[in-house]
Amino acid sequence: MSERFFITTPPDGDRAVLAGDEARHLTRVLRAKVGDTVSLFDGTGREWPARVASLGRDRVELDAGKPAIDSLPAAIPLTLAVALPKGDRQKWMVEKLTELGAARLVPLETTRGVAEATASAQARLERVVIEACKQCGRNTLMEISAGRPLDRLLAEVPAGACVVIAHPGGKPLAADIVPPTATAIIGLVGPEGGFTDEELGVADRAGVVRVSLGHHILRVETAAITLAARLAG
Ligand code: SAM
């Protein structure tokens, strides 16, 4: 696979432009030259072969070919709603969820949560998603939604979705937990201190299934990645 770059707007005819971080990566880190070939993706599933046409300080122009790959999203989109861990653990989790094909991450605002889902945190995580997509060959971005509390998230669940909440002592997570008719899958993961009884009650009343991920207590990011690996279609 050639080096991959994220474009915020698709090529205009056969002319594509890289700006900002992506342009600097190509010029300063990879020291590209006119004529070098790369791949471009715009996060919607399309990928273009491209050749460097001109190099500026913070802007690179490229000649783009026809879209070569149209990567398909998972048959049943998977959302992880997670009480975010802090710092590097948060970034690591987002990288792995992107690699595993999750469609969306919703930062879950919980009583015992430790990290705030601010707009700047959201922007930082979106950058992590782009880097992970560049590295793993994924052409659709994982969406990072604005944070919301459990009751609001559950009120927005679309008809036909299968929702599970990871909680120690829940029902073992078996392959048949997702009915074949499910239109979406949503996995909920609590903070280091766990969900409160009140939050578990909200989930119970909404008919959410409690699932166990084994005998050991997993850190938030391990639980989120385990759920994604087990539930991703
Ligand atoms: N003492 C907390 C409790 O009992 O819930 C532990 C919280 S754990 C560090 C953080 C989150 O990861 C939990 O709220 C849960 O969503 C998920 N989790 C961790 N280990 C799990 C397991 N073995 N089974 C199911 N969920 C788990």
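## Cysteines without a bond

C136 has a relative accessibility of 32% and counts as partly exposed. That value lies between the 20% and 50% limits, so neither "buried" nor "exposed" applies. The model is predicted. C133 sits at 0% relative accessibility and counts as buried.

How many disulfides are there? The count is 0. C133 belongs to no disulfide; its nearest cysteine sulfur is that of C136, 5.6 Å away. C136 is likewise in no disulfide, with the sulfur of C133 nearest at 5.6 Å. A disulfide needs the two sulfur atoms within 2.5 Å, so a separation of 5.6 Å rules out this pair. A disulfide is a covalent bond between the sulfur atoms of two cysteines.

## Overall build

The protein has 233 residues, and 44% of them are buried. Its secondary structure comprises 6 helices and 13 strands. Along the principal axes, the C-alpha atoms fill a box of roughly 60 × 35 × 30 Å.

Contacts reach far along the chain. Take those between residues at least 6 apart in sequence: 71% of them join residues at least 24 apart. The protein exposes about 11800 Å². Carbon and sulfur atoms supply 52% of that area.

## Helix α1 and its packing

Helix α1 covers residues 20–29. Its buried residues are E22, A23, L26 and T27. These lie on the same side of α1, because they cover an arc of only 115° around the axis. An α-helix has 3.6 residues a turn, so residues three or four places apart point the same way.

What do the buried residues of α1 pack against? Five strands take part: β1 (4–6), β2 (15–19), β3 (37–41), β4 (46–55) and β5 (59–64). Helix α3 is a further partner.

## A buried lysine in α3

K134 belongs to helix α3, residues 119–136. Is K134 buried or exposed? Its relative accessible area is 8%, so K134 is buried, under the 20% limit.

Its contacts beyond four places in sequence are R4, F5, E22, H25, F41 and R127. Among them is E22, one of the buried residues of α1. R4 and F5 are also contacts of K134, and their numbers fall within β1 (4–6). F41, another contact, is the last residue of β3 (37–41).

## R31, after α1

Just after α1, R31 takes a positive phi of about 50°. R31 is not a glycine. Most residues other than glycine have a negative phi. R31 lies in the loop between α1 and β3. With a relative accessible area of 63%, R31 is exposed.

## Helix α5

Helix α5 runs over residues 197–205. E199, L200, G201 and A203 are its buried residues. Their cover includes α4 (150–155), β11 (161–172) and β13. G207 follows α5 with a positive phi, near 80°.

## Ligand surroundings

How many residues surround the ligand? There are 18, and the closest are A166, G190, L213, H216 and L218. Three of these make polar approaches through backbone atoms. In G190, a polar backbone atom is 3.0 Å from a ligand oxygen. In H216, a polar backbone atom is 2.8 Å from a ligand nitrogen. In L218, a backbone N or O atom is 2.9 Å from a nitrogen atom of the ligand. On its own the ligand has 560 Å² of accessible area, and the protein covers 86% of it.

H216 is found in the loop between β13 (209–212) and α6 (220–231). Its relative accessibility is 66%, so H216 counts as exposed. That figure takes only protein chains as cover, so the ligand does not lower it. D36 is far from H216 on both scales: 180 residues apart in sequence and 50 Å in space, C-alpha to C-alpha.

## An exposed loop alanine

A175 sits in the loop between β11 and β12 (184–189). Its relative accessible area is 82%, and A175 is exposed. From A175 to A102 the separation is 73 residues in sequence. In space, their C-alpha atoms are 17 Å apart.

Notes
Residues numbered from 1 in each chain as written. Predicted model: local features only at pLDDT ≥ 70, side-chain atom pairs only at ≥ 80, totals over all residues. Heavy atoms only, no water. Buried < 20%, exposed > 50% of the residue type's maximum accessible area, 1.4 Å probe, protein only. Helix = DSSP H or I, 4+ residues; strand = E, 2+ residues; numbered from the N terminus. Contact = heavy atoms within 4.5 Å. Near = heavy atom within 4 Å. Polar contact = N/O pair within 3.5 Å; in protein donor to acceptor, adjacent residues only side chain to side chain. Areas by Shrake-Rupley, 256 points an atom, 1.4 Å probe, with all protein chains shown as cover. Arc of directions from axis to C-beta.
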